Amino acid sequence: RGGGGGGRDALLAAAAGDRRKREMERRRIAAATSIQSFTRGRFACGAARAAQRRVLDGRLAQLDRLRTVLAAKGVAVAEAAFSGAGGGAGGGVVTGGWAAPAGGVR
């Protein structure tokens, strides 16, 4: 029982090294997955925000066309109805003739 301990120690050290390598690989994959998930989420949020902005811009353009048509027909429309000024809902900030929410457009 005296001479065989060196091979056993080397085998245990190699096994411990393999376990460390596997653990490092698991952590690397988990970190990469977390980064990818965050990045996908930010891109999706940006795309959704851009889509909502396009919808808003389209609706504001429709309102602008409506205001132009009504003005051409001589229909008196209070500017407050389009700008958010006056007694409307909650103190909007006027931007280019249209009201943005008090907290701003995100």
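This is a guided tour of one predicted protein model, with suggestions on what to select at each stop.

**Before you start**

Residues are numbered from 1 along each chain as its sequence is written. Because the model is predicted, local features need pLDDT of at least 70 and side-chain atom pairs count only at pLDDT 80 or more, while totals for chains, interfaces and linings use all residues, and side-chain values use heavy atoms, with hydrogens and water left out.

**The whole protein**

Begin by showing the protein as a cartoon, in which you should find two helices and two strands, arranged from the N terminus on as α-α-β-β; helices (H or I, at least four residues) and strands (E, at least two) are DSSP runs, numbered from the N terminus. If you then turn on the surface, its accessible area comes to about 8500 Å², of which 60% belongs to carbon and sulfur atoms, as computed by the Shrake-Rupley method with a 1.4 Å probe, where for residues only the protein chains shown count as cover. Of the 106 residues, 7% count as buried, a term that stands for under 20% relative accessible area, with exposed meaning over 50% and partly exposed in between (1.4 Å probe, protein chains only).

**Colour by confidence**

Next, colour the model by pLDDT, the predictor's confidence in each residue, from 0 to 100; the protein averages 82, and 69% of the residues score at least 70. Among the elements, helix H1 (residues 5-72) has the highest mean pLDDT, at 96, whereas strand E1 (residues 93-95) has the lowest, at 46. Select residues 85-95, where pLDDT stays under 50 and the model has 13 contacts beyond four places in sequence, a contact being heavy atoms within 4.5 Å. Where pLDDT is low, the predicted coordinates should not be read in detail.

**Salt bridges in helix H1**

Now show side chains, since a search of the whole structure finds five salt bridges, each defined as a side-chain nitrogen of Lys or Arg within 4 Å of a carboxyl oxygen of Asp or Glu. Select Arg27 and Glu23, whose side chains meet at 3.0 Å, N to O; being four residues apart in helix H1, they are separated by about one helical turn. Arg27 is exposed, with a relative accessible area of 59%, while Glu23 is partly exposed at 30%. Add Arg26 to the selection, and you have a network of salt bridges linking Glu23, Arg26 and Arg27.

Move on to Arg28 and Glu25, where the closest N and O atoms are 2.7 Å apart, and where the two residues lie three apart in helix H1, about one turn of the helix; Glu25 is partly exposed, at 36%.

Which residue forms a salt bridge with Arg53? Select Asp57, as the closest N and O atoms of this pair are 3.0 Å apart. Arg53 is partly exposed, with a relative accessible area of 37%, and Asp57 is partly exposed, also with 37%.
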